[in-house]
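Thanks for making time this morning. I have one structure to take you through, and it is up on the screen now.

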Amino acid sequence: MDNLISRTRAAVWLPCTQMKQLEAAPPLAIARGEGPWLIGTDGRRYLDAISSWWVNLFGHCNPRINAAITDQLGKIEHVMLAGATHEPVVALSERLAALTGLGHAFYGSDGASATEIALKMSAHYWRNTGQAEKNGFISLKNGYHGETVGALSVTDIPLFKSTYAPLLRRTVQVPTPDARLAEPGESAEAYALRCADALERHLAEHAATIAAFIVEPLVQGAAGMAMYHPTYLTRARELCDRYQVHLIADEIAVGFGRTGTMFACEQAGIRPDFICLSKGITGGYLPLSAVLTTDAIYAAFYGDDTARGFLHSHSYAGNPLACRAALAVLDIFEQDGIIATNRNKAEGFTALLETVRNHPRVRHFRHLGMIWAFDVAGAHPCFARRFAQSALEQGVLLRPIGNTVYCMPPYVVGEDEMRRVVAAMLHGLSETADSSGYSVSDTDRLP
Ligand SMILES: *Cc1c(COP(=O)(O)O)cnc(C)c1O
């Protein structure tokens, strides 16, 4: 194991990591996975309570997803999607269209590229319809949409963004409906409406130069699982219609059942102009992202002029293996009635978490679908690392964001496993009451 870690440090540059900190906190060396469990090269088992950065839905080494990919491997592993097509990408597009009500799917390989695609498509739509000056973007305060240069422009997490500020397009952030920011006595709904009013004021003045408003529906993940009332999205939809601005729903983290419905937008009764999907789309197996849009937007690109078309591509767009994994994921949703099953599971898990909710250090306990989160009072600046380490010692993988602890388990997790999460959380809360001996670091604010 030590060997694997030293070789990692010698040859690999890990994402979202200050590599020097690996000296004090080495990465987990993982040999294999089994359902919601990760198994280390030392044989230790860790419950993957954050679904490997929010991507895993049905556990590691899921037999049904494995079988789909293996079957596809014997047919065709990859073919370029310009000038060629194949059954998996067509079937997936048809099924995603039926689920979202958006008729055409464009493919990328990860979440950030989906954001890029949606932003470019939106601005290009306005150009194709004779309104090229509509090329600005607005997003929510504390929003996260990925870290490539375009996506980072609409992201609002200073730790990721400030260093690269000179490279970025200027965008505007409107107030976040994050329910924690409501005034004392103000309901989440009233606060959401107040934020929607601020959105309206901005649109009323600037809509002529705005292409799209991009949002993470219901939950701002990287901000620390900030949750908000669906009425905000309902109002945002009305306002975007009224002011002729596209609504881009970034469901990269919240899509595929995470918030209790297949897509978070359903809870607001709205259909966005673009939906960005990734992460859970392949059950956490293979990199794949999709942007779906309306037939009307699609039609604005259709014509004899080549440059009117969307000349954007990724080499692995619509990769057949990834599409088969995604189709297997959709099969599992249907065959196992996952949305309904999760609703029952979540109810049980929330009851188990009652002791955590009532802990004297816990603030703003919140829950939506298969996400639970809370903030910790009296958290030292090094809280996140200390808490994560303490959870690992209990055999649970948790990575707090700042002073926010969250659990976002694979849907295959059971009650006994959730009891372990609860125990690890309670242990972590007492272990971090005094965090002397740990130095302050920005790392504690990373997701
Ligand atoms: C993770 C995430 C992204 C970026 O996806 P990557 O695959 O990491 O590039 C974009 N938007 C949201 C809401 C995310 O959670």
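When I say strand, I mean a DSSP run of type E with at least two residues, and strands are numbered from the N terminus. In that sense Ala211 sits in strand E7, which covers residues 210-215. Before I go on, note that this is a predicted model.

Let me stay with Ala211 for a moment. Is Ala211 buried or exposed? Its relative accessible area is 0%, so Ala211 is buried. Setting aside residues up to four places away in sequence, Ala211 touches Ser122, Ala123, Trp126, Lys134, Asn135, Gly136, Phe137, Val245 and His246. As for Gln244, 33 residues from Ala211 along the chain, the two C-alpha atoms are 8.4 Å apart.

Now the overall picture. The protein has 15 helices and 16 strands. Its C-alpha trace spans about 65 × 60 × 45 Å along the principal axes. What radius of gyration does the protein have? The value is 22 Å, and a compact globule of 447 residues would have one near 22 Å, so the two agree.

Of the 447 residues, 54% are buried. The exposed area is about 19000 Å², with carbon and sulfur atoms supplying 54% of it. On contacts, take residues at least 6 apart in sequence: 72% of the contacts between them join residues at least 24 apart. On charge, there are 39 positive and 45 negative side chains, and the centres of these two sets are 4 Å apart.

Next, the cysteines. A disulfide is a covalent bond between the sulfur atoms of two cysteines. How many disulfides does the count give? It comes to zero, where a pair would need its sulfur atoms within 2.5 Å. Two cysteines illustrate this. For Cys195, the closest cysteine sulfur is in Cys240, and at 15 Å it is too far for a bond. For Cys382, the closest one belongs to Cys16, and that distance is 18 Å, again too far for a bond. Cys195 counts as buried because its relative accessibility is 3%. Cys382 is buried too, with a relative accessible area of 2%.

Cys382 takes us along the chain to helix H14, residues 383-393. Which residues of H14 are buried? They are Phe383, Ala384, Arg386, Phe387, Ala388, Ser390 and Ala391. As a reminder, an α-helix has 3.6 residues a turn, so residues three or four places apart point the same way. The cover over the buried residues of H14 includes strand E14 (371-376), strand E15 (396-397), strand E16 (404-407) and helix H15 (415-431). After H14 comes Gly395, which has a positive phi, near 80°.

Leu392 is also in helix H14. With a relative accessible area of 22%, Leu392 is partly exposed, because buried means under 20%. Apart from neighbours within four places in sequence, Leu392 is in contact with Leu28, Arg44, Tyr46 and Leu397. Leu392 and Arg45 are 347 residues apart in sequence, yet 9.5 Å apart in space, C-alpha to C-alpha.

On the other side of H14 in sequence, the loop between E14 and H14 contains Ala377. Ala377 is partly exposed, at 21% relative accessible area. Again leaving out neighbours within four places, Ala377 is in contact with Arg361 and Arg363. The C-alpha atoms of Ala377 and Leu429 are separated by 9.8 Å, with those positions 52 residues apart along the chain.

Two more helices, briefly. Helix H9, residues 231-242, holds Ala236. Ala236 is buried, with a relative accessible area of 1%. Beyond residues up to four places away in sequence, Ala236 touches Leu199 and Phe213. Where is Ala236 relative to Gln389? Their C-alpha atoms are 40 Å apart, and along the chain they are 153 residues apart.

Helix H3, residues 63-73, holds Gln72. Gln72 counts as buried at 3% relative accessibility. With residues up to four places away not counted, Gln72 touches Pro88, Pro320, Leu321 and Arg324.

To go back over the main points: 54% of the residues are buried, the radius of gyration agrees with that of a compact globule, and the disulfide count is zero. That is what I have.

Key: Residues numbered from 1 in each chain as written. Predicted model: local features only at pLDDT ≥ 70, side-chain atom pairs only at ≥ 80, totals over all residues. Heavy atoms only, no water. Helix = DSSP H or I, 4+ residues; strand = E, 2+ residues; numbered from the N terminus. Rg over C-alpha atoms; globule rule 2.2 N^0.38 Å. Buried < 20%, exposed > 50% of the residue type's maximum accessible area, 1.4 Å probe, protein only. Contact = heavy atoms within 4.5 Å. Areas by Shrake-Rupley, 256 points an atom, 1.4 Å probe, with all protein chains shown as cover. Lys, Arg positive; Asp, Glu negative; His and termini not counted. Charge placed at Lys NZ, Arg CZ, Asp CG, Glu CD.
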